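Colleague: Could you take me slowly through the surroundings of the ligand, and then through the parts of the fold that belong to the same picture? I am new to this, so please take one step at a time.

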Amino acid sequence: MKILTLTINDVSHSKAVPPTMTLLDFLRDEVGLTGTKNGCDSGECGCCTVMVGGKPMLSCLMLALDAEGHEVTTIEGIAKGNDLHPVQEAMVEKGAIQCGYCTPAMVINGVHLLDNNDSPTDDEVKECISATVCRCTGYNSIERAIHSAAEKMREKQHG
Amino acid sequence: MSLLMQNFDYHRPTSLEDLTVLVSDCRKGGRAFAFSAGGTDIIPQLKSDTLHPDCLISLGGLKDLNHIEKRGNRLIIGSLTTLHDLANNDLIRGYLPALAHAAHKVASPQIRNRATIGGNIMVDNRCIYINQSEINRECHAPCFKADGDVCHLVKSAKRGDDILCQARFVSDTAPILLLLGARIAVMGANGTREMALNDLYLRDGIDNRSLEVGDIITAIEVGIPENDTALHYEKLTIRNALDFPSLGVGVRVTDGAVSVALTGLNTLPGLFHAKPGDFDNFDDMIDHICAEAMDFAKTYNQDFFPRHYRKNMIPVFIRRGLDKIIKDKS
Ligand SMILES: Cc1cc2nc3c(=O)[nH]c(=O)nc-3n(C[C@H](O)[C@H](O)[C@H](O)COP(=O)(O)OP(=O)(O)OC[C@H]3O[C@@H](n4cnc5c(N)ncnc54)[C@H](O)[C@@H]3O)c2cc1C
Ligand code: SF4
Ligand code: FES
Ligand code: FES
């Protein structure tokens, strides 16, 4: 066991963890942040995406101890209180959520894209969600949601 | 709860000196160890129990190995540079756009944010019989690569054969690096040495790298090609994201001479050269290099695409690469 101190969604957590524990299990089982999902546990489905040091990464392919020193943002850290992030709002409005299992990862990927690019092309949106599997929506509504969120964010910024 | 990994000790040295001490301690104690950089290749192996080190040494703390710099007409790429950084770096995009493109073709955006170039040239060879979960692998006897006594792909294989295992070489960045004549800096028990990237690769799917246990690659060095040179990488996959190359073809044209590098088609990468003086005309030269490349390919039915299809796509991809290069030039 080693003591891991990690800042997750601006809150610092210290826990003893075995070296074999993935960041995904740490988030879900130790910290109780179950928004991040386990779909395949092997890098294929994207469900476990969280931001580490500001970049989307697969928490199932990362040891918890390897995250030390980096800020982690999970889906629980995206809304500010009751105010949904524009990407979350747009996901609801565009019917981009069915069973919801992929949604946390889709939102994390979308937020990261729009933080770095306020007018993504169709191809950029497609690429951003290209490695996150959704078995329900057929992806079109998710793409529409990200474009719509981009519009909302541009409006907010430029008034 | 997720797939369980067998227990191991974990160390994350922050300097090459600390790393050297750790490695020598492990050696003295007779403890098996493995390195993890981005971990995107090795963590699945730990989960599927095809690898069980006593000690995992994370290279992630070696910040000095994460850099890209230009020295004269050469570019030095630290081995811990992520594939995302490589694909988006101004020096790489400016001088080696084909390398940026190849790095961008690996896996997925989330994986490229974590995976390193050192890990990519070291990525383990793959086979459908070994790259499965432990539960699936239990359905058949362990094969040679899992310390067993059969090969499910080549049933006649037996211990003592020249090549025991046919697991495929799959790195997406290796072909372009090989075409650029890349060299690697390696740090080991006896100090640092340099070698051609091409000498890293061996012919067996199990022992497929020439590094000594404990050696680490610290940097990759490539010459910036002259203006008479152009390169292109083309990859065959079912999906645009996530798939390893069913076949990957790098093409280099330098002042009329053509070189081709292959991935995904054999236990090691292939590299072929042809120059105009040796042939009656350009078409003959291309026919020759296509034939050589097809000869080299040892395709088994171990992929989504049937083996004959993969083999027959080699000349198609070589010509496609050439067309692309010629189109970009004109
Ligand atoms: C779903 C999925 C899809 C993938 N698709 C592709 C693909 O399309 N193309 C492709 O090429 N790869 C693919 N990969 C494999 C892998 O993600 C990449 O090859 C990646 O670049 C490996 O880098 P890493 O830093 O994560 O390696 P790690 O897992 O950290 O290491 C891989 C191996 O290299 C060794 N190693 C790492 N760094 C060094 C070093 N500096 N010196 C010596 N040894 C070192 C490690 O000990 C280990 O044996 C895929 C993986 C997954 C999970
Ligand atoms: S080719 Fe190698 S990995 Fe594949 S079944 Fe044979 S021994 Fe195992
Ligand atoms: S759970 Fe991590 S990619 Fe599927
Ligand atoms: S909404 Fe069900 S998996 Fe995407």
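Modeller: The residues of the shell around ligand 1 divide into 17 nonpolar, 12 polar and 6 charged, and since this is a predicted model, please read every value that follows as computed from predicted atoms. Of the 35 residues around the ligand, those that come nearest are B:Phe35, B:Ala37, B:Thr40, B:Thr116 and B:Asp172, while ligand 1 itself lies between chains A and B.

Let us look at the polar side chains first. In the side chain of B:Thr40, an N or O atom is 2.6 Å from an oxygen atom of ligand 1, and B:Asn120 likewise has a side-chain N or O atom 2.9 Å from an oxygen atom of the ligand. With B:Ser79 the partner is a nitrogen atom of ligand 1, which lies 3.5 Å from a polar side-chain atom of that residue. On its own, ligand 1 has 980 Å² of accessible area, and the protein covers 95% of this.

Which elements supply the shell? In chain B, β2 (33-36), α7 (117-122) and β8 (216-223) each supply at least two of its residues, and α7(B) gives the most, with 4 residues.

Two of these elements, β2(B) and β8(B), lead us on to the sheets. Strands of a sheet pair through backbone hydrogen bonds, and they may do so either parallel or antiparallel. Strand β2(B) belongs to an open sheet of 3 strands with parallel pairing, in the order β1-β3-β2. Here β1 (9-11) and β2 of chain B stand at the edges with a single partner strand each, so one side of each is left without a neighbour in the sheet. On average, neighbouring strands of this sheet are turned by 25 degrees against each other, direction ignored. The partner of β2(B) is strand β3 (residues 55-58) of chain B, to which 4 bridges join it in parallel, and B:Ser36 stands opposite B:Ser58 in β3(B).

Strand β8(B), in turn, is part of an open sheet of 5 strands with antiparallel pairing, whose order is β4-β5-β8-β6-β7 in chain B. Its edge strands are β4 (68-71) and β7 (191-196), each of which pairs on one side only. Between β4(B) and the antiparallel strand β5 (residues 74-78) of chain B there are 4 bridges, and B:Glu69 in this pairing stands opposite B:Ile76 in β5(B).

Chain A offers a smaller example for study: its strands β1 (residues 2-8) and β2 (residues 11-17) pair in the antiparallel sense over 7 bridges. The two strands form a hairpin with 2 residues between them, and A:Asn9 in the turn has a positive phi of about 50 degrees, while A:Ile8 stands opposite A:Val11 in β2(A).

Finally, consider the aromatic rings, of which a search of the whole structure finds 4 pairs over all chains. In one of them, the rings of B:Phe272 and B:Phe296 have their centres 5.6 Å apart and their planes at 75 degrees, so the pair is edge-to-face. This pair links distant parts of the chain, 24 residues apart, with B:Phe272 in strand β12 (residues 270-274) and B:Phe296 in helix α10 (residues 282-296) of chain B.

Key. Residues are numbered from 1 along each chain as its sequence is written. Chains are lettered from A and ligands numbered from 1 in the order in which they are written. This is a predicted model: local features need pLDDT of at least 70, side-chain atom pairs count only at pLDDT 80 or more; totals for chains, interfaces and linings use all residues. Side-chain values use heavy atoms; hydrogens and water are left out. Two strands pair if DSSP finds at least two bridges between them. A residue is near a molecule or strand if one of its heavy atoms lies within 4 Å of it. A polar contact is a pair of N or O atoms within 3.5 Å; within protein, one must be able to donate a hydrogen and the other to accept it, and residues adjacent in sequence count only if both atoms are side-chain atoms. Accessible areas come from the Shrake-Rupley method with a 1.4 Å probe; for residues, only the protein chains shown count as cover. Ala, Val, Leu, Ile, Met, Phe, Trp, Tyr, Cys and Pro count as nonpolar, Asp, Glu, Lys and Arg as charged, and the others, Gly among them, as polar. Rings of Phe, Tyr and Trp (its six-membered ring) pair if their centres lie within 6.5 Å; planes under 30 degrees apart count as stacked, over 60 as edge-to-face and the rest as tilted. Axes are lines fitted to C-alpha atoms, for helices over the stretch in contact, and angles run from 0 to 180 degrees between N-to-C directions.
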